[in-house]
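The following exercises concern a single protein chain. Please study the sequence and the model before attempting each task.

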Amino acid sequence: QVQLVESGGGLVQAGGSLRLSCASSGRTFSSYAMGWFRQAPGKEREIVAAISRSGASAYYADFVKGRFTISRDNAKNTVYLQMNSLKPEDTAVYYCNAGGNYLGVEGDYWGQGTQVTVSS
């Protein structure tokens, strides 16, 4: 069983930055591809970014390319999402996901989510 706990969300002005973290329990973190998804009110959940088990490969949704960066530290069992140049349309609950693949397919394990609100 994998438990995921996100942190780092909050309120930020447009153009600002936030760094999300997702800490994983257990000793199998490095065996999972990891992903970040988001869900805005009234919209379906969508992939934001994903990263391979080693961290060598990453996938980004078109709407975040050049602004967001996904990374991981397998020694710390943690995956990160650095979000720069934030826009009001980035407002959503952001979820960490494990067990999918680095092309953005979701896995079976989810965190509780962290709210990101971008004001204009």
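Four exercises with worked solutions follow.

The structure is a predicted model, in which local features need pLDDT of at least 70, side-chain atom pairs count only at pLDDT 80 or more, and totals for chains, interfaces and linings use all residues. Residues are numbered from 1 along each chain as its sequence is written, and side-chain values use heavy atoms, with hydrogens and water left out.

**Exercise 1. Overall form**

Determine the secondary structure content of the protein chain and compare its radius of gyration with that of a compact globule.

Step 1. Helices (H or I, at least four residues) and strands (E, at least two) are taken as DSSP runs numbered from the N terminus. On this basis the protein chain has eleven strands and zero helices.

Step 2. The radius of gyration is taken over C-alpha atoms, and the globule rule is 2.2 Å times the number of residues to the power 0.38. For 120 residues a compact globule would have a value near 14 Å, and the 13 Å of the protein chain agrees with this. Along the principal axes, the C-alpha atoms fill a box of roughly 40 × 25 × 25 Å.

Step 3. With contact defined as heavy atoms within 4.5 Å, consider pairs at least 6 apart in sequence: 55% of their contacts in the protein chain join residues at least 24 apart.

**Exercise 2. The nonpolar core**

Identify the residues with the most contacts inside the largest nonpolar core and the strands that supply it.

Step 1. Buried means under 20% relative accessible area, exposed over 50%, and partly exposed in between (1.4 Å probe, protein chains only). Of the 120 residues of the protein chain, 42% count as buried.

Step 2. A nonpolar core is a set of buried Ala, Val, Leu, Ile, Met, Phe, Trp, Tyr and Cys residues joined through side-chain atoms within 4.5 Å. The largest such core has 27 residues, and Met34, Trp36, Val79, Leu81, Met83 and Tyr94 have the most contacts inside it. At least two core residues come from each of S3 (18-24), S4 (33-39), S5 (46-51), S7 (68-73), S8 (78-83), S9 (92-100) and S11 (114-119). S9 gives the largest share, four residues.

Step 3. Neighbours within four places in sequence aside, the contacts of Val79 include Leu20, Cys22, Phe29, Met34, Trp36, Ile51, Ile70 and Cys96.

**Exercise 3. Two positive phi angles**

Asn77 and Ser85 have positive phi values: where does each residue lie, and is each buried or partly exposed?

Step 1. Asn77 has phi near 55°, positive in a residue other than glycine. Asn77 belongs to the loop between S7 and S8, and its relative accessibility of 18% makes it buried.

Step 2. Ser85, also not glycine, has phi near 50°. Ser85 occurs in the loop between S8 and S9 and is partly exposed, because its relative accessibility is 41%.

**Exercise 4. Two serines**

Describe the surroundings of Ser21 and Ser52.

Step 1. Ser21 lies in S3 and is buried at 17% relative accessibility. Beyond four places in sequence, Ser21 is in contact with Val5, Glu6, Ser7, Trp36, Thr78, Val79 and Tyr80. Tyr32, eleven residues from Ser21 in sequence, is 16 Å away in space, C-alpha to C-alpha.

Step 2. Ser52 is in the loop between S5 and S6 (58-60), and a relative accessible area of 9% makes Ser52 buried. Leaving aside neighbours within four places, Ser52 is in contact with Ala33, Ser57, Arg72 and Tyr102.
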